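I open this notebook to record what I looked up on charged contacts and on open space. The structure comes before the entries.

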Amino acid sequence: MTPNSGTGTSATRRLGVLVIVLVISLALFGLQFSAEDVVQGSTVRIMYVHVPSIWTAYIAFFLTAVCSGVYLSRRQRSLAWDRVAGASAEIGVLFVAVSLVTGSLWGRLTWGTYWVWDARLTSTAFLFITYVGYLAVRRLDGTHRQRARRSSVMALLAVLEIPLVHFSVNLWRSLHQDASVADPNAKVKLDGLMLFSLFLGLVTFTLLFVWLVLHRQRTMLLEDSFADRGLDVAIAERRNEAGVQ
Amino acid sequence: MSSVKSRRTIAVAVARKDLSIEWNSRILTNQVAPFAAIVMVMFAFALDNEGILQRVAPGLMWLATLFSMLIVVQRSFTVESADGALDALRVAGVDTGAIFVGKSLALMVQLFVLEILLLATAVVLYGVEMTAVGLLEAFVTMVVATAGLGCVGTLYGGLAAGAKGRETLLPLLLLPVVAPVLIGATRATEAAFGSGGTAVSEGWPWIGLLAVFAVIFAVAGTVAFGPLVDE
Amino acid sequence: MDSVIELNDVVAVLGQFPALAGANLQVSRGEIVLLQGPNGAGKTSILRVCAGLLPIERGSGRVLGIDLVAQRDEVRSRVGLLGHSNGLYLDLTVDQNVRFWASMVNATEEEIVRAMSLMRIDGRLSSVKTARLSAGQRRRCALASLIVRRAEIWLLDEPHAGLDAQGRDELDIVLRNAVFAGATIVLASHEMERASALATRVVTVDGGGVQ
């Protein structure tokens, strides 16, 4: 892969085509073929985007944690693990945002409010903020290795924090019996075709996620290589300073 | 050859050092405590309803604590970078886990003092009343919650310290993480105050949550502090 | 001769800037090596690399036989670095500062007293907050902490800066005594005359490398 070509390879192109096909299928099944909900009517169709989004986000953050753990544990540390961790987190944050927005809209359409303080939504919001913080730490100054070590530790700390917050929030909301399941998702009865569409959504989003991570971590590699090349130039310039004064 | 003393001695020395610095400079008493008190007063301006104030006093107290904590944590690390002291400690190969424990302990002590002040302020300003058991529960809550805050504050404070553009990172990193403490401490304190008819007995499970949080971050912090602070 | 410092084509970066662009250095035990060169040449960075503070991006290095790339942390307890800053806690007194550092290692009361009197910071000065001291006085305070730590290698960045004539003489004596007791010293200094009289070898640093 030379710098002049893009970050695509034949494998990613094939994957990309598959994803496009799946997205179109999902749209068809989600918007057209599957039935409306008895209670919610057409608004239930948001589910086909909302649920897969959060599902994919969880996969993304799980991947980030695993890659960070691997990076820290091995003697021979390839920066690729850190790049995948970072790319995965970025895409994960994107999907959480989608999930929050679609969840909010869904709530608006079903209950009339953009936000409810239920456990799931609140925990999701925290998930979002936590990884925004992770991304901010990734952007701090330093060499690639420093960034990798810091980020890996942050990712593992997040693995500790997320369940803690989730648990606390659940405990908290369980005190308020009246404001319980305000999650439109929970009240939907899924028939065969709807179930299939949902499953299709999960597969589609997962493959989309893979495609995005592959490309993103390649662009990160390119960015790092570019910075390194910049370093070579800078080194040469620095050496030339000697004796010029 | 210089031989390094045991981790416990180092931690104690570091904690002592931080507290000596506070004693000499009186930042906590002269600057942070007034700030915390003012925050409590401003809550009263904003909420403008004595019934509500009394009801939400626990939450306000812990919010004021968290906001003040940001300042105290930053201060804890400003003294380290003012003349490159933490750098020098690292160069000397001093065990970073021990440094973490020491600084956490000092931070805990400072926060605890602040919380006592805030409790007194809540009693005075918001008309809070407690039974003897309630008072005990409030104290236990403060001790356990502060243990967790001290650890997590030192951990992220170290990361957010020093270099340009980092200080603003502290609230973003710290506030989400301490959400469990805010939730747990507030609920336990509500039980202690009897706010909204909460029974004192309902507070103890929340204190359990706070204890779990403290243990997790005491361990995680001791291990993670070095890598996060190192360059 | 026993080699205590070896740097081979070391590249070290600060952010994206190559502070060292291929530095080579070799120091044997018992030497007093003076690094001289213009500002920004990389003298401070060489010292920080040897102290295990600044990571090596390219190239290799060993200090006291320890690999700087793989085991940077382990170098630290055996090396003493005195940089541009003094590593002092400004709100604490001189006495509190030196004793804090002494408590990090197994320093005896004797050693503390000796170090403080050597650098003339005992007596009235010892109970003054370091924030109130002059630059030279703070330097002496930092040097006392260094003495108390008994490091095998002393890395000093402009140690004479801010000291009066007497202070400088005393510093030279301290340094020679340290070498006599087995230490090795690398110092960066603009004090050409004094430093080269003190040094066993002079090395020129420029453009992030050693000439």
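Entry 1. Is Glu31(C) buried or exposed? The model is predicted, and I read the value from it as computed. Glu31(C) counts as buried, at 11% relative accessibility, because the cut-off for buried is under 20%.

Entry 2. I next looked up the partner of Glu31(C). Its side chain meets that of Arg201(C) in a salt bridge, at 2.9 Å from N to O. I noted that this pair links distant parts of chain C, with the two positions 170 residues apart. Arg201(C) is in strand S9 (residues 201–206), whereas Glu31(C) is in the loop between strand S2 (17–28) and strand S3 (32–36). Arg201(C) counts as partly exposed, at 28% relative accessibility.

Entry 3. I then asked how many salt bridges there are over all chains. The count comes to 23.

Entry 4. I turned to Asp82(A), which forms a salt bridge with Arg138(A), the closest N and O atoms being 3.0 Å apart. Asp82(A) lies in helix H3 (residues 79–111) of chain A and Arg138(A) in helix H4 (residues 119–138), so the pair ties together parts that are 56 residues apart in sequence. I checked the accessibility of each partner: Asp82(A) is buried at 1%, and Arg138(A) is buried at 8%.

Entry 5. Asp82(A) also takes part in a salt bridge with Arg147(A), where the closest N and O atoms are 3.6 Å apart. Here Arg147(A) belongs to helix H5 (residues 144–174) of chain A and Asp82(A) to helix H3, 65 residues apart. I recorded both Arg147(A) and Asp82(A) as buried.

Entry 6. Which residues are linked with Asp82(A) in a network of salt bridges? I found Arg83(A), Arg138(A), Arg147(A) and Asp224(A) linked with Asp82(A).

Entry 7. I moved on to the largest pocket, which holds about 1,400 Å³ of space. Its lining has 47 residues, and Arg77(A), Arg149(A), Val69(C), Ala70(C) and Arg72(C) lie nearest the centre.

Entry 8. Which helix gives the most to the lining of the largest pocket? I found that H5(A) does, with nine residues. Among the helices that each supply at least two lining residues are helix H6 (192–241) of chain A, helix H9 (204–229) of chain B and helix H2 (72–75) of chain C.

Entry 9. Last, I sorted the lining of the largest pocket by class: 19 residues are charged, 18 nonpolar and 10 polar.

Terms used. Residues numbered from 1 in each chain as written. Chains lettered and ligands numbered in written order. Predicted model: local features only at pLDDT ≥ 70, side-chain atom pairs only at ≥ 80, totals over all residues. Heavy atoms only, no water. Salt bridge = Lys/Arg side-chain N within 4 Å of Asp/Glu carboxyl O. Helix = DSSP H or I, 4+ residues; strand = E, 2+ residues; numbered from the N terminus. Buried < 20%, exposed > 50% of the residue type's maximum accessible area, 1.4 Å probe, protein only. 1 Å grid on protein atoms, 1.4 Å probe; cavity = no way out; pocket = protein on both sides within 12 Å on 5 of 7 lines; lining within 4 Å. Points joined across faces, edges and corners; volume = space filled by probe spheres on them. Nonpolar A, V, L, I, M, F, W, Y, C, P; charged D, E, K, R; others polar.
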